[in-house]
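Me: I should like to learn how to read the features of a structure that is new to me. May we go through some of them together?

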Amino acid sequence: MSSFKIQGGKKLKGDIIPQGAKNEALQIIAATLLTPEPVTIHRIPDIRDVNKLIELIGDLGATVEKLDSESYRFTAKEIDVAYLESDEFKTKAASLRGSIMILGPLLARYGAAKIPRPGGDKIGRRRLDTHFLGFEKLGAKFNYSSKESFYKIDASNLQGCYIHLDEASVTGTANILMASVLAKGKTTIYNAACEPYIQQLSKMLVRMGANINGIGSNLLTIEGVESLGGTVHTLLPDMIEVGSFIGLAAMTQSEITVKSAGVEHLGLIPDVFRRLGIKLEIKGDDIFIPEQKNYQIDTFIDGSILTVADAPWPGFTPDLLSIVLVTAIQAKGTVLIHQKMFESRLFFVDKLIDMGAQIILCDPHRATVIGLDRKQQLKGIKMSSPDIRAGVSLLIAALSADGESVISNVEQIDRGYQNIDERLNRLGADIQRLEQ
């Protein structure tokens with residue numbers, strides 16, 4: 001297990017380039033199983049969750065070629081479906097939430113799939129119902145062993161149909177979309193997620209020969225085709241990293257330029273940080289955040305306390321709520337953070353309170369932050385990273401704090417952020433990785 005030892009209170013300065021989008025990568029890599037032809041993907045982030053999925057794709061029998069540090073070629077010409085029964089597969093897939101994404105492609109191409117119940121972040125319940133109900137409407141039949149926590153799915157005759165999703169799940173939409181592109185007839189997915197990740201996946205599938213209409217909306221129409229071919233795809237910049245760097249710059253009074261930020265795909269992200277009082281300038285595809293001693297949280301028009309809540313796209317992404325929360329600690333004013341989707345994602349605020357933050361945890365979904373307005377600096381403490389986003393939020397707090405902080409279990413951070421310690425150290429941070 002690794003830890004970060006951080007000397008806080010240092011101002012950072014310079015340019016930083018966000019990695020390729022993790023959440024897009026997991027869907028795109030899984031989609032390579034839909035065709036026997038080569039698929040080349042650029043800007044793949046070198047992070048634990050993505051690397052585990054790449055390894056799993058190779059274990060299934062696909063040829064995986066690393067072309068350079070960020071580019072891979074996948075050729076899933078022959079897939080060993082029997083591997084899905086192995087103990088090795090059960091162990092590897094159970095440890096990776098993203099393993100669920102291989103179901104749609106395998107059902108579409110081979111008519112059957114098996115998967116253990118996936119793991120992932122300790123951020124509350126994350127239902128798989130949307131995935132499975134969609135597959136069932138397409139004609140799949142499930143057999144779940146509660147003793148082994150193992151799903152076996154028969155989809156030997158997938159037929160297109162009308163599907164109204166019970167929630168606009170990004171991974172659920174992606175999985176059902178991948179299953180439907182090779183199903184017989186027409187599939188309509190209503191209440192589909194329309195995040196940039198889904199748009200990217202849809203555009204890639206169209207280049208492979210799929211017939212998809214309504215891309216970018218919550219109503220997708222798919223006409224099934226006989227087969228798909230190869231393609232080349234480049235991942236978007238990771239919007240969660242972009243938001244993390246904006247919050248980091250504000251908290252540490254740093255001057256940072258986020259290069260090649262994918263500005264047109266950021267949606268509300270820049271505006272939400274502006275409502276916290278953070279100055280930022282968009283210069284082409286770059287975002288410049290100047291050094292800023294003070295920033296004041298906006299209020300609603302009637303003067304009431306600002307609420308920042310997550311919502312399906314084009315609403316604000318839940319993955320950045322913990323970053324907004326930690327950034328508000330040193331603002332002037334008060335904000336209510338409302339995390340609607342996950343009931344355990346705010347449980348890291350006790351560590352921020354120990355550092356000196358003024359936060360009231362109202363319930364598992366809501367926290368009120370009373371900004372310190374830099375009148376009091378956070379103090380360094382020892383803490384543990386509970387999940388990816390909370391881990392980076394704690395890292396931001398530690399970088400702004402007075403004294404030394406130690407964050408253990410940084411493998412959680414490594415699952416989502418590529419070499420974050422090295423990249424921030426190049427900007428002037430003092431982060432030491434300790435191996436135990």
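The dialogue below turns to a sheet, a helix and a surface patch in this predicted model.

Me: What is the order of the strands in the open sheet of four strands?

Reply: One reads a sheet by following its strands from one side to the other. Here the order is β9-β10-β12-β11, and the pairing is mixed. The edge strands, β9 (162–164) and β11 (211–213), each pair on one side only. From one strand to the next, the twist averages 15 degrees.

Me: How many bridges join strand β10 to strand β12?

Reply: Five bridges connect β10 (residues 186–190) with β12 (residues 219–223), and the two strands run antiparallel. To follow one pair, take Ile189: its bridge partner in β12 is Leu220.

Me: Which helix packs on the sheet, and which strands does that helix touch?

Reply: Helix α6 (residues 170–180) packs there, touching β9, β10, β11 and β12. The direction of α6 makes about 20 degrees with that of β12.

Me: Is Leu219 buried, partly exposed or exposed?

Reply: Such a label follows from relative accessibility: buried means under 20%, and exposed means over 50%, with partly exposed in between. Leu219 has 37% relative accessibility and therefore counts as partly exposed. This residue lies in strand β12. Together with Tyr162 and Tyr190, Leu219 makes a nonpolar surface patch of about 290 Å².

Me: How many residues of helix α10 are buried?

Reply: Eight of the eight residues in α10 (residues 321–328) are buried, so that the helix is mostly covered. Among them are Leu321, Ile323 and Val326, as well as Ser322 and Thr327.

Technical notes:
Residues are numbered from 1 along each chain as its sequence is written. This is a predicted model: local features need pLDDT of at least 70, side-chain atom pairs count only at pLDDT 80 or more; totals for chains, interfaces and linings use all residues. Side-chain values use heavy atoms; hydrogens and water are left out. Two strands pair if DSSP finds at least two bridges between them. Axes are lines fitted to C-alpha atoms, for helices over the stretch in contact, and angles run from 0 to 180 degrees between N-to-C directions. Contact means heavy atoms within 4.5 Å. Buried means under 20% relative accessible area, exposed over 50%, partly exposed in between (1.4 Å probe, protein chains only). Patches are made of residues with over 30% relative accessible area and no salt bridge: like charges are joined within 9 Å, nonpolar side chains (Val, Leu, Ile, Met, Phe, Trp, Tyr) within 5 Å. Accessible areas come from the Shrake-Rupley method with a 1.4 Å probe; for residues, only the protein chains shown count as cover. A salt bridge is a side-chain nitrogen of Lys or Arg within 4 Å of a carboxyl oxygen of Asp or Glu.
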